[in-house]
Amino acid sequence: MEKIGLVLEGGASRGVFTAGVLDYWMEQGITFPYVVGVSAGACNAADLVSKQIGRTRNTMIHKDKKYEYMGLRTFFKTRQLMDMDLIFRTFPEEYFPFDYDTYFASETEVEYGCTDCHTGRPVFLSEKQDKDRLMDILRASCAMPGAVHPVLVDGKPYVDGGLSDSIPVKRAFEMGCDKVVVIQTRGRNFRMKPSRSTKLIARA
C-alpha cells in the first residue's frame, strides 16, 4: 500500500482556508499516515491529528476581546506582537481545550517544521507523550522573527519553520512517502517577492 503524506504550509490567518479543507476531510473520515506542518500549518496539523473539527477556525476567528492574541494591546502586555501564552497555554487548557488523549493515541506520524536559530536550517520535531513539549514545539514553529521571541525546545532556540522550509515536500519524501498531498493557501501562479522588512527583521 502506498504511503501518502500530507504537507501543510503556514501563512498566518490564511491557515483558516486549510482548516476548512481539513474539517471536511475529518467529516469524511479521510486520514493520512504522515503529516508535516509548518507555522500555521503546524497548528492545523495538530488539530487534524486530535480530530477536532472546527477547533482551528474557532481559535483564529472570534469577536470576544478575551481571545485577542494580536495587536497593540497585546504588545503592551507581552512586549510581543502575538500573545503566545494565550495561544499555546490558555487556549488549549481553558478556552478551546485540546484533545491530548486522542492526539497521543493516534497512529498518524506527525512532524512540525521549525528553524534552528544557530544554523538557519529546518528542523522537524515531534512529540507524542509530553503535552507541554508539544505546545512548545507548536509555539516554536509559529515564532515569527520580529514579532515574537525565539522559543526554546530541549534547550535550543527555534523560530518560525516557514523561514527555512515553508512547504516541506522534500521532508515528506525523506520520511518514506510515495505520494504527497499539499494544501496551498495561495493561487498556483503566486510567487513570493523579497520583503521590504528583511533588514529590519534581521536586526531584530
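Contact here means heavy atoms within 4.5 Å. With that in hand, here are the close-ups, all taken from a predicted model.

**Figure 1. The whole chain, before zooming in, is a protein of 9 helices and 7 strands.** Among the contacts with a separation of 6 or more, 69% join residues 24 or more positions apart. Of the 204 residues in the protein, 44% are buried. The accessible surface adds up to about 11,700 Å², and carbon and sulfur atoms hold 52% of that area.

**Figure 2. Helix H2 (40-49) sits inside the protein.** Count through the helix and you find 10 of its 10 residues buried, so H2 is largely enclosed by the rest of the structure. The buried set runs through Ala 40, Gly 41, Ala 42, Cys 43, Asn 44, Ala 45, Ala 46, Asp 47, Leu 48 and Val 49. Have a look at what comes after the helix, too: H2 is followed by Lys 51, which has a positive phi near 60 degrees.

**Figure 3. Ser 39 occupies the loop between strand E2 (34-38) and H2.** This residue is not a glycine, yet its phi is positive, at about 55 degrees. Is Ser 39 buried or exposed? Its relative accessibility is 8%, and buried means under 20%, so Ser 39 counts as buried.

**Figure 4. Asp 154 is another non-glycine residue with a positive phi, about 55 degrees.** Its loop runs between strand E5 (151-153) and strand E6 (156-160). The relative accessible area of Asp 154 is 56%, and the cut-off for exposed is over 50%, so this residue is exposed.

**Figure 5. One cavity of 30 Å³ or more turns up in a search of the whole structure.** Rolling a probe the size of a water molecule over the atoms shows where empty space is left. The largest cavity has a volume of about 30 Å³. Which residues line the largest cavity? They are Ala 19, Leu 22, Asp 23, Met 26, Asn 44, Asp 47, Leu 48 and Thr 56. Helix H1 (15-28) and H2 each bring at least two residues to this lining, and the largest share, 4 residues, comes from H1. Two of the lining residues, Asn 44 and Asp 47, belong to the buried set of H2.

**Figure 6. Asp 83 lies in the loop between helix H4 (72-78) and H5, with its side chain turned to backbone nitrogens of Asp 85 and Leu 86.** Relative accessible area for Asp 83 is 8%, so with the cut-off for buried at under 20%, the residue counts as buried. At the start of H5, a side-chain oxygen of Asp 83 comes to within 3.3 Å of the backbone nitrogen of Asp 85. The side chain also reaches the backbone nitrogen of Leu 86, at 3.0 Å.

**Figure 7. Helix H5 (residues 84-95) spans less than a straight helix would.** How far apart are the end C-alpha atoms of this 12-residue helix? They are only 14 Å apart, short of the 16 Å that a straight helix would reach at 1.5 Å a residue. Buried positions in H5 are Met 84, Leu 86, Ile 87, Phe 88, Phe 91 and Pro 92. Those buried residues pack against H2, helix H3 (55-60), helix H6 (100-105) and H7.

**Figure 8. Ala 147 and Met 82 meet up across 65 residues of sequence, with their C-alpha atoms 6.8 Å apart.** Ala 147 belongs to the loop between helix H7 (131-141) and E5. With a relative accessible area of 13%, under the 20% limit, Ala 147 is buried, so the loop position is covered.

**Figure 9. Thr 115, in strand E3 (residues 109-116), is a buried strand residue.** Its relative accessibility is 5%. A polar atom of the Thr 115 side chain lies 2.7 Å from the backbone oxygen of Asp 160. What else is Thr 115 in contact with, leaving aside neighbours within four places in sequence? Besides Asp 160, the list holds Gly 120, Arg 121, Pro 157, Tyr 158, Val 159, Gly 161, Leu 163 and Ser 164.

Definitions and conventions. Residues numbered from 1 in each chain as written. Predicted model: local features only at pLDDT ≥ 70, side-chain atom pairs only at ≥ 80, totals over all residues. Heavy atoms only, no water. Buried < 20%, exposed > 50% of the residue type's maximum accessible area, 1.4 Å probe, protein only. Expected span 1.5 Å × (residues − 1). Polar contact = N/O pair within 3.5 Å; in protein donor to acceptor, adjacent residues only side chain to side chain. Areas by Shrake-Rupley, 256 points an atom, 1.4 Å probe, with all protein chains shown as cover. 1 Å grid on protein atoms, 1.4 Å probe; cavity = no way out; pocket = protein on both sides within 12 Å on 5 of 7 lines; lining within 4 Å. Points joined across faces, edges and corners; volume = space filled by probe spheres on them.
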